[in-house]
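Here are my notes, set out as numbered points to read alongside the coordinates. I hope they help you find your way around.

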Amino acid sequence: MNELWDDLNGKPMHDLNNNQIGVVTKGSLTEGVEMKLNPDRSVEDVKAGKFVVIEGYKNQFFSMITDLSLDATNPDILLYPPQDGDQLLHSVLNGASTYVTVALRPMLMLEAGEEVVDEPRPVKTIPSHFSKVVEAEEEDVSRVFGSEDRDDRFFNMGTPLDMDTPVCLNLNRFVERSNGIFGKTGTGKSFLTRLVLCGMIKKKKAVNLIFDMHNEYGFQAMKEGSSGDSFVKGLKQLFGNQVALFSLDPASSRQRGIQPDHEVHIAYDQIAVEDVVALQDELQLNPTAAESAYLVAAMYKNKWLRQLLSVDGPGIEQFAEELGANKSSLSALHRKLKRIDSFPFMVTKLEGADAVDTMMDYIDRGIHIVLEFGRQTSMLAYLLVANILSRRIHEQYIKKSEKYYASQNPADKPKQLVITIEEAHKFLNPTTAKQTIFGIIAREMRKYYVSLLVVDQRPSGIDEEVLSQLGTKITALLNDEKDIQGVLTGVSNAAGLRSVLASLDSKQQALMFGHAVPMPVVIKTRNYDEDFYRAMGDLTEEEKAEKAEAASAALFGD
Amino acid sequence: MALAKVDTEAFIGEVIESSTSQFVAESRELNGAPPFGAFIKTSGAIPVYGLVFNVCTHSIEPNRRATAYGLTEQELRNEQPQIFELLKTEFEAVTVGYGDDRGPRQVLPPQPPGIHSFVLPCAESEIKALTNNGDYLRCVLSGNRLPVDDLIIASVRHAWAARAFDMPYLVGIGKDLCRLIRDDYDRLSSIMRRISQ
């Protein structure tokens with residue numbers, strides 16, 4: 001008998017041939033649309049973030065479920081609810097006097113038969129009364145989000161909730177702007193980032209420079225899972241010689257069994273005052289200390305840091321006098337910059353090629369760079385190195401772009417560069433964003449063919465201006481109200497997305513919205529597994545052996 | 001659905017008073033009226049469907065009442081058989097529809113049933129056609145001097161029985177009823193509880 005009631009009070013969705021889930025009863029363009037859930041549907045099958053289609057008279061409205069509420073026509077019912085076990089009354093009331101209202105947010109409007117073009121049209125109207133609301137079907141998803149088979153600009157990121165059709169990111173649009181990947185610790189930010197990087201590398205949409213603070217992109221990385229920890233392949237393993245591994249700490253890389261392609265050293269002379277100013281927060285420098293640094297630099301030009309650090313404790317007063325700088329602030333600067341001395345990658349004089357030149361050489365050849373920090377995981381080292389390298393690469397890019405603008409020769413066109421930075425709020429917080437190179441890149445966008453991929457767990461720490469300039473945001477679960485607000489900066493009608501964002505699963509779910517997707521969508525992210533490796537062109541061991549054999553046969557004959 | 005040919009041999013009563021919305025029939029046998037809430041129909045060119053809402057047995061003569069004898073029915077039949085000839089059973093029905101060449105329709109008939117037309121019980125298929133939604137309950141709810149709630153309970157039980165006590169049907173009727181009684185939650189819960197008992 002119980003099964004009978006279960007059937008009546010909400011059939012599982014997949015058991016119904018008819019995929020209608022409700023009818024539109026109310027709505028407004030600004031507030032979104034309300035739907036009454038069909039009584040034969042269980043409210044528990046309808047999840048926030050689900051992708052549904054409203055079949056209007058002339059248009060289809062692709063919408064997202066943003067909120068659910070239980071309602072009753074008669075307040076008496078709520079005062080005297082049916083007794084436990086009174087299933088009949090319960091079923092009778094269900095859908096008649098007690099009903100479920102679902103708030104929908106139309107995100108995209110298409111006329112019948114219309115395809116999504118590059119610039120999706122915003123929703124300008126709402127569906128009429130009693131328009132049917134149906135579950136999105138496989139073809140709806142590919143109609144809206146494109147499909148990998150159709151065009152190489154599309155990259156499969158995962159599937160909508162409860163569906164199997166891939167949701168694709170339009171990579172052409174993705175690389176046009178700076179983008180952000182957000183999420184609490186442990187929600188799969190690194191996996192999302194790795195996925196997006198793989199897409200850009202595989203489809204050759206941009207050259208990547210990745211500042212890999214925790215050594216998780218280049219070579220294998222650990223995967224946290226219920227079945228114990230396991231290791232997944234890094235970019236170098238997947239894409240071989242398309243990816244070059246740079247290391248700040250070659251000893252650590254070797255210990256992990258990795259042979260880096262290059263070691264990176266930084267000479268004192270390469271550090272400009274701007275680089276130090278960008279570290280203001282991390283070093284707790286006050287503004288006068290920064291001014292003193294300018295004074296030293298005015299005197300000693302690019303040797304300023306070497307000069308400053310070569311002075312010993314007691315000599316600093318005399319040094320300040322020579323410069324005419326404030327003694328105490330100069331000594332504070334000196335004391336704090338001494339920390340830089342302890343980094344093993346700092347050298348007085350470079351032996352061999354400059355790291356930036358080597359990197360530019362790789363970038364020009366379209367080879368992606370992962371810079372591992374090894375054991376140099378202090379925030380100071382990360383900020384310093386990322387700043388110095390990006391600043392200098394950016395300078396070169398400006399030169400290249402200007403040359404291209406002058407010659408208008410396609411051969412001079414710089415390759416689109418995407419710089420991936422983690423802990424981005426350290427670079428882009430409201431005080432430093434105006435000074436660091438990353439703040440500049442984020443704001444000037446694609447003018448110089450450099451954009452950012454910002455990875456962060458604390459988006460509220462990032463300057464609002466930068467956040468609003470981010471083209472596409474992919475965000476896993478966020479709980480903090482400020483972070484949610486931060487991520488939704490610059491998004492119209494953010495209210496609906498807010499509840500969706502807070503209700504994501506803590507694993508393998510993300511909300512994508514912005515420039516590279518026609519409408520916001522919640523996805524179950526693609527598995528980073530053997531199938532993915534194969535899709536990225538990675539071969540199994542046997543296939544590799546076969547291929548090598550075939551190659552050697554071709555080379556030497558049988 | 002074409003109407004089955006009326007089997008006049010199976011009649012249970014005869015119409016003795018008739019109007020558009022209600023009719024009264026005399027039972028063929030004493031105490032042989034159809035049960036309260038049963039679906040009945042009249043013979044004739046346009047069969048009229050009704051719902052029994054009142055059954056009464058009384059003396060044939062308007063001014064005389066039966067007298068108490070202090071005997072069982074069997075003893076009475078043996079000793080005073082004539083008194084049963086002086087009694088009759090009548091039943092009243094509220095009209096819920098009529099039949100045409102497409103089968104039963106849930107609307108009042110163009111003409112009331114003819115006096116002296118026979119009254120027959122409805123077949124299961126006819127009950128199903130009349131009760132496939134809650135519209136027939138409207139006639140009950142809007143009728144005069146009807147024991148509305150009890151009539152709903154009895155008639156829904158008949159309709160439910162015709163469908164082999166199918167739960168989804170009962171739930172559907174319950175939803176219709178809920179709307180018809182304008183969300184009167186107490187009344188609804190009482191009716192539904194009594195139907196399912």
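1. Let me start with a helix pair in chain A of this predicted model. From α16(A), the residues Asn387(A), Ser390(A), Arg391(A) and His394(A) make contact with Ile437(A), Phe438(A) and Ile441(A) of α18(A). By class, the residues where α16(A) and α18(A) touch comprise 3 nonpolar, 3 polar and 1 charged.

2. How do the two helices sit relative to each other? Helix α16 of chain A covers residues 379-407 and helix α18 of chain A covers residues 437-444; their axes lie 9 Å apart and make an angle of about 45°. Angles between 35 and 65 degrees are neither roughly parallel nor roughly perpendicular, and α16(A) and α18(A) are therefore oblique to each other.

3. Stepping back to chain A as a whole, you will find 23 helices and 22 strands. The C-alpha trace of chain A spans about 90 × 75 × 50 Å along its principal axes. Of the 558 residues in chain A, 45% are buried. If you take the contacts in chain A between residues at least 6 apart in sequence, 70% of them link residues at least 24 apart.

4. A word on confidence, please. The average pLDDT of chain A is 83, and 93% of its residues score at least 70. In residues 10-17 of chain A, however, the pLDDT is below 50, and this stretch has 9 contacts in the model beyond near neighbours in sequence. Where pLDDT is low, the predicted coordinates should not be read in detail.

5. Next, the contact between the chains. Chain A and chain B each bring 14 residues to it. On the side of chain A that touches chain B, at least two residues come from each of α1 (2-8), α2 (75-79) and α3 (87-93) of chain A. Which helix gives the most to that side of chain A? It is α3(A), with 4 residues. The residues on this side of chain A divide into 8 nonpolar, 5 polar and 1 charged.

6. Finally, do have a look at helix α4 of chain B, residues 135-142, where Tyr136(B), Leu137(B), Cys139(B) and Val140(B) are the buried residues. Viewed down the axis of α4(B), these buried residues fall within an arc of 150°, so they line one face of the helix. That fits the geometry of an α-helix, which has 3.6 residues a turn, so residues three or four places apart point the same way. The buried residues of α4(B) pack against β4 (48-59), β5 (87-100), α3 (124-130), α5 (148-162) and α6 (167-180) of chain B.

Notes
Residues numbered from 1 in each chain as written. Chains lettered and ligands numbered in written order. Predicted model: local features only at pLDDT ≥ 70, side-chain atom pairs only at ≥ 80, totals over all residues. pLDDT = per-residue confidence, 0-100. Contact = placed C-beta atoms within 7 Å. Buried ≥ 20, exposed ≤ 12 C-beta atoms within 10 Å, placed from the backbone. Axes fitted to C-alpha atoms, helices over the stretch in contact; angles between N-to-C directions. Parallel < 35°, antiparallel > 145°, perpendicular 65-115°, else oblique. Nonpolar A, V, L, I, M, F, W, Y, C, P; charged D, E, K, R; others polar. Arc of directions from axis to C-beta.
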